[in-house]
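Biologist: Please take me through the ligand site of this model, and then through its backbone. I should like each answer to end on the value or name requested.

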Amino acid sequence: MQSVLSPIDIQRVRQDFPILDQLVNGKPLVYLDNAATNQKPVSVLNALAHYYEHDNANIHRGIHTLAERATHDFELTRQKVQSFLNAQHVEEVIFTYGTTDGINLVAQTYGRKFLNEGDEIIISTLEHHSNIVPWQMLCEEKGCVLKVIPIDDNGDLLIDEYEKMLSERTKFVSVVHVSNALGTINPVKTIVDLAHRVGAVVLIDGAQASSHITLDVQALDCDFYVFSAHKLYGPTGMGVLYGKKALLDAMPPYRGGGEMIKEVTFEKTTYNELPYKFEAGTPNIADVIAVRTAIEYMESLGKENMAAYEGELLDYATAQLADVPGLRIVGQAKEKISVVSFVLDGIHHQDTGVILDQMGIAVRTGHHCTQPLMRRLGIAGTTRASFAVYNTKDEIDRLVQGIRRVQTMMA
Ligand SMILES: *Cc1c(COP(=O)(O)O)cnc(C)c1O
């Protein structure tokens, strides 16, 4: 951990992201949709191009030089992710296609093998659909019971209620680290410790946390942790499932095919060891390789420095937006990442999004894949501005001007 923060050189950082330097609808782009996916630094783009220009080959079984280079770089990413997560063993890092894929993998392997009728699975009101639906599918198949941790009106989980839900029937807890819709940072260490007291296994959805919070799966003691590369300055189509080795070893494979086998006969197949047991077929080699560069990019800025700067952006945006009459911020949790969701009196979020886009401002509108959360809050959706390390206070000022323009136009 760094104890002394160094300020982010924002002009230099912005130069690392060529996509930001463009006009959209005649206005300089203001990209505030980072919770959906963030932009990629030029070093990541170069890593992708470099792989296809110099090293492209299928991995692991090739004996020629290109295959060896590709395999080497592919496995270097695994080591990088191991240190990024502080995982104890490198084979605890499984490459997936993203957060959704990782959760489905766990539900369909661990869940199908170890969960039975009447067993309880706990999720929370803050979950993204991808941490709801795989468990509902499992419940339907196995007769398990899904329970949901409630929230208060600020968007904080009611941990007392969670504690009351836990019993010897609780077999699995799957909770989001940081809410994509409201920005709430959940007390995941407490959630894990309480679950372990009743012997439940815990998965943490780290899709939003991974680019904002320094991770340590050993300190957290979670059993599984999942995230997507495209939300941490890396490419789409690549994600990570971390799992404790003993659990991963006990789990059956997910998809069958090449790479995940040791020996195949028509009578019987034996499976490969970790992590390959869970990596059937040709993986997303180029994108996996580029993820190392994405993590190195964050390391070069320092994750604590990034978090400090993003915290400043959040405070500034919250203060500026609070001054806009007719605007209500949705989600005022005690601990938040740099996400601000809001509603405007009498104006539909879709109209807000369309008008802001005409001004070059990219925000997300709607339910943010959290329909049950929106229902709990009594709204159909919000407009969401989410900030990454390359955003500026000037851009937040442009957002506020844009919102005032929306209000004038829709009045
Ligand atoms: C984006 C997101 C997901 C889904 O991630 P994919 O990359 O679409 O698989 C899940 N949970 C949260 C909290 C997210 O923000």
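Modeller: A polar contact is a pair of N or O atoms within 3.5 Å. The model under discussion is predicted.

Biologist: How far is an oxygen atom of the ligand from an N or O atom in the side chain of Gln 208?

Modeller: The pair joins an oxygen atom of the ligand to an N or O atom in the side chain of Gln 208. A polar contact requires N or O atoms within 3.5 Å. The pair with Gln 208 therefore counts as a polar contact, and its distance is 2.7 Å.

Biologist: Which side chain has an N or O atom 2.6 Å from a nitrogen atom of the ligand?

Modeller: Ser 228 has a side-chain N or O atom 2.7 Å from a ligand oxygen atom. For the ligand nitrogen atom, at 2.6 Å, the side chain is that of Asp 205.

Biologist: What percentage of the area that the ligand exposes when taken alone does the protein bury?

Modeller: The space taken by the ligand is the largest pocket. Taken alone, the ligand exposes 380 Å². Of that area, the protein buries 85%.

Biologist: How many polar residues does the shell around the ligand have?

Modeller: The residues around the ligand include Thr 99, His 128, Asn 180 and Lys 231. By class, the shell has 2 nonpolar and 2 charged residues, and its polar residues number 8.

Biologist: How far apart are the end C-alpha atoms of residues 30–399?

Modeller: An unreviewed UniProt entry annotates residues 30–399 as "domain: Aminotransferase class V". In the model, this span is 40% helix and 18% strand. Its end C-alpha atoms are separated by 8 Å.

Biologist: Which residue precedes Pro 275 across a cis peptide bond?

Modeller: Pro 275 belongs to the loop between strand E12 (269–271) and helix H10 (285–301). The cis bond has omega near 0 degrees, and the residue before Pro 275 is Leu 274.

Biologist: What is the phi of Asn 86?

Modeller: Asn 86 lies in the loop between helix H3 (65–85) and strand E4 (93–96). Although Asn 86 is not a glycine, its phi is positive, at about 55 degrees.

How values were computed: Residues are numbered from 1 along each chain as its sequence is written. This is a predicted model: local features need pLDDT of at least 70, side-chain atom pairs count only at pLDDT 80 or more; totals for chains, interfaces and linings use all residues. Side-chain values use heavy atoms; hydrogens and water are left out. A residue is near a molecule or strand if one of its heavy atoms lies within 4 Å of it. A polar contact is a pair of N or O atoms within 3.5 Å; within protein, one must be able to donate a hydrogen and the other to accept it, and residues adjacent in sequence count only if both atoms are side-chain atoms. Accessible areas come from the Shrake-Rupley method with a 1.4 Å probe; for residues, only the protein chains shown count as cover. On a 1 Å grid over the protein atoms alone, a cavity is a set of points where a 1.4 Å probe fits but cannot get out, and a pocket is an open set with protein on both sides within 12 Å along at least five of seven lines; lining residues have an atom within 4 Å of a point. A molecule sits in a cavity or pocket if more than half of its atoms lie within 2 Å of its grid points. Ala, Val, Leu, Ile, Met, Phe, Trp, Tyr, Cys and Pro count as nonpolar, Asp, Glu, Lys and Arg as charged, and the others, Gly among them, as polar. UniProt positions are given in the numbering used here, feature names are shortened, and annotations may be inferred rather than shown by experiment. Helices (H or I, at least four residues) and strands (E, at least two) are DSSP runs, numbered from the N terminus.
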